[in-house]
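The following exercises ask the reader to work through a molecular structure step by step. Please examine the sequence and the structure before attempting each task.

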Amino acid sequence: MEITGERVLTLEVLRIQGPGKLSGEISVHGAKNSTLPLLAASLLCKSEAVLHNCPLLSDVDTAVRILRTLGCRVRREGHTLTIDSSTLSGDEIPENLMREMRSSIVFLGAVVSRLGKARLSFPGGCELGPRPIDLHLAALRKMGLHIREDHGCLECSVPGRLRGCPISLSFPSVGATENVMLAAVCAEGSTILSNAAREPEICDLADFLNACGGRVSGAGESEIVIQGVESLGGCEHQVIPDRIVAATYLAAAAATGSELTLRHVDCSHLQLVLPVFEEAGCSLRSQGKSLWIQAPERLRPVGNVRTMPYPGFPTDAQAPVMAMACLADGTSLFVENIFESRYKHAGELMRLGARIKVEGRVAVVEGVPALSGAPVQAPDLRGGAALLVAGLGAQGTTLLSGLHHLDRGYEAVEKALASVGADIRRETA
Ligand code: UD1
């Protein structure tokens, strides 16, 4: 057993016996990165909010624990969460919940909007280099929030209502965009947010807020206009599919030379991801919400993958795609432009026989004829996904530990993969 904060983790590993072909269908679950801000948004609703397609993930559990700590009632039936925020009473998010995931910071905008005050500490999450929240805080301060930073704690209060205003982000931060939307939707007057993040999860949040009576326009573009309303009602909402989970399963198919069909995918969210698989020699066909992939026996290199804010190539897909590139006939180049330290998986991939050179933001991956199974450890969420993909494509047994990272973002991943023929099982170490 390993104890982190208040959570007790059973030491589990995934035993992956590779390489084996995958074949069949996998259903892609709802997007973690949408569900978390949507749960924060539900705090603003005066009547019940019903969220369908919420994945069963530890990060979602953490968000539910935050809601309950604040006094909300949350009911789960399968993948549906019903949130009643009429009983909201607390304004403090305990440190252990803030530390568990970085996106707990999106609760700030919603809590101060609803209660006029909030107390919380700096957030935790995957260690991908410095992950400041200066953009969040500067934007909220501009809206009238007083924030006192004291020994790692943030004491926030606003006399009266937050005020809408023009806000320009120096970088299109996803979390800061969400925080501003949540703070502004019930603020006094209009907020014009420039250089906003354009990710599909931002559009999902805007759709939810509007269905609850908010007035948000321009989501998906660089300028979002939010006209403050007095209060929000509730609504029923379907969370969008997880585009990073989809990309991970595509990478698994590619690394194993397999044919796979993904259900519940929105291909319009994968516009710069799918061409990378085609470049590697995979055939893709989409029909409605299904996406079919057939990978060749040997992959071609992927040339040049540069992560960028949406609609660019997503930083979250960099790691699993790198794992696939390890098995290509030739050299692939990766440039990580979003996070400073997002190549921790490279060292673990090298334990499996990958040839990777990392220099700053650049990683050069020289494909090898075969990877060979070994014990490896997930360094973070998407790094864990990369090792999963590599383990499926490697010869022999890979024992993947550090599963608490993987479980933050992939629901029952071993069951999904075993259902399409992978030789994979979870064991207690
Ligand atoms: C979200 C996603 C995460 C994804 C990332 C980039 C969620 C729950 N997480 O994270 O999976 O990898 O977008 O697509 O949705 N930055 C600052 N100051 C700030 C905020 C951000 O300097 O106040 C920097 C960060 O350090 C990073 C970059 O901006 O270098 C992008 O961060 P951001 O878009 O905010 O990512 P998250 O919202 O944390």
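The exercises below concern a predicted model, and each task is followed by a worked solution.

**Exercise 1. The surroundings of helix 4**

Task: Determine which residues of helix 4 (residues 107-115) are buried and what covers them.

Solution.
Step 1. A residue counts as buried when its relative accessible area is under 20%. In helix 4, the residues that are buried are Phe107, Leu108, Gly109, Ala110, Val111 and Val112.
Step 2. The cover over these buried residues includes several helices, among them helix 1 (32-42), helix 2 (58-69), helix 5 (134-142) and helix 6 (174-184). Strand 8 (117-121) and strand 10 (153-157) are also included in the cover.
Step 3. Consider next the residue just after helix 4. Gly116 has a positive phi of about 80° there.

**Exercise 2. An open sheet and the helix across it**

Task: State the order of the strands in the open sheet of 4 strands, and explain why one side of strand 23 (375-377) and of strand 25 (423-428) has no neighbour in the sheet.

Solution.
Step 1. The order is 23-24-3-25, with mixed pairing.
Step 2. Strand 23 and strand 25 stand at the edges and have a single partner strand each, so one side of each lacks a neighbour in the sheet. From one strand to the next, the twist averages 25°.
Step 3. The pairing of strand 23 with strand 24 (residues 396-401) is parallel and comprises 3 bridges. Pro375 has Leu399 of strand 24 as its bridge partner.
Step 4. Helix 12 (residues 381-393) lies across strand 3 (12-18), strand 23, strand 24 and strand 25. The helix runs at about 35° to strand 3.

**Exercise 3. The shell around the ligand**

Task: Identify how many residues surround the ligand and which of them are the closest.

Solution.
Step 1. The ligand is surrounded by 19 residues, of which Arg102, Asp134, Ser173, Asp316 and Ile338 are the closest.
Step 2. Helix 5, helix 6 and helix 10 (315-325) each contribute at least two residues to the shell. The largest share, 3 residues, is that of helix 5.
Step 3. Backbone atoms also approach oxygen atoms of the ligand. For Pro132, a backbone N or O atom lies 3.2 Å from a ligand oxygen; for Leu135, a polar backbone atom is 2.7 Å from a ligand oxygen; for Val174, the distance from a backbone N or O atom to a ligand oxygen is 2.8 Å.
Step 4. On its own, the ligand has 730 Å² of accessible area, and the protein covers 86% of this.

**Exercise 4. A residue of helix 10**

Task: Decide whether Gln318 is buried or exposed, and list its contacts beyond four places in sequence.

Solution.
Step 1. Gln318 is located in helix 10.
Step 2. The relative accessible area of Gln318 is 1%. Since the limit for a buried residue is under 20%, Gln318 is buried.
Step 3. When neighbours within four places in sequence are left aside, Gln318 is in contact with Thr307, Phe313, Phe334, Glu336, Arg342, Tyr343 and His345.

**Exercise 5. A loop residue with distant partners**

Task: Locate Asn53 and find what its side chain reaches.

Solution.
Step 1. Asn53 belongs to the loop between strand 5 (49-52) and helix 2.
Step 2. Beyond its neighbours within four places in sequence, Asn53 is in contact with His29, Gly30, His79, Gln238, Val239 and Ile240.
Step 3. Although 187 residues separate Asn53 and Ile240 in sequence, their C-alpha atoms are 7.7 Å apart in space.
Step 4. At 2.9 Å, the side chain of Asn53 reaches the backbone oxygen of Val239.

**Exercise 6. Strand 22 and its partners**

Task: Describe how the side chains alternate along strand 22 (residues 362-366), and identify how this strand pairs with strand 20 (residues 331-335) and strand 21 (residues 355-359).

Solution.
Step 1. Ala363 and Val365 point to one face and are buried, whereas Val362, Val364 and Glu366 point to the other and are not.
Step 2. Strand 20 pairs with strand 22 in the antiparallel sense over 5 bridges. Within this pairing, Val335 is opposite Val362.
Step 3. Strand 21 likewise pairs with strand 22 in the antiparallel sense, over 5 bridges. The bridge partner of Ile356 is Val365.
Step 4. Strand 21 and strand 22 form a hairpin that has 2 residues between the strands. In the turn, Gly360 has a positive phi of about 60°.

Conventions. Residues numbered from 1 in each chain as written. Predicted model: local features only at pLDDT ≥ 70, side-chain atom pairs only at ≥ 80, totals over all residues. Heavy atoms only, no water. Buried < 20%, exposed > 50% of the residue type's maximum accessible area, 1.4 Å probe, protein only. Contact = heavy atoms within 4.5 Å. Pairing = 2+ DSSP bridges. Axes fitted to C-alpha atoms, helices over the stretch in contact; angles between N-to-C directions. Near = heavy atom within 4 Å. Polar contact = N/O pair within 3.5 Å; in protein donor to acceptor, adjacent residues only side chain to side chain. Areas by Shrake-Rupley, 256 points an atom, 1.4 Å probe, with all protein chains shown as cover.
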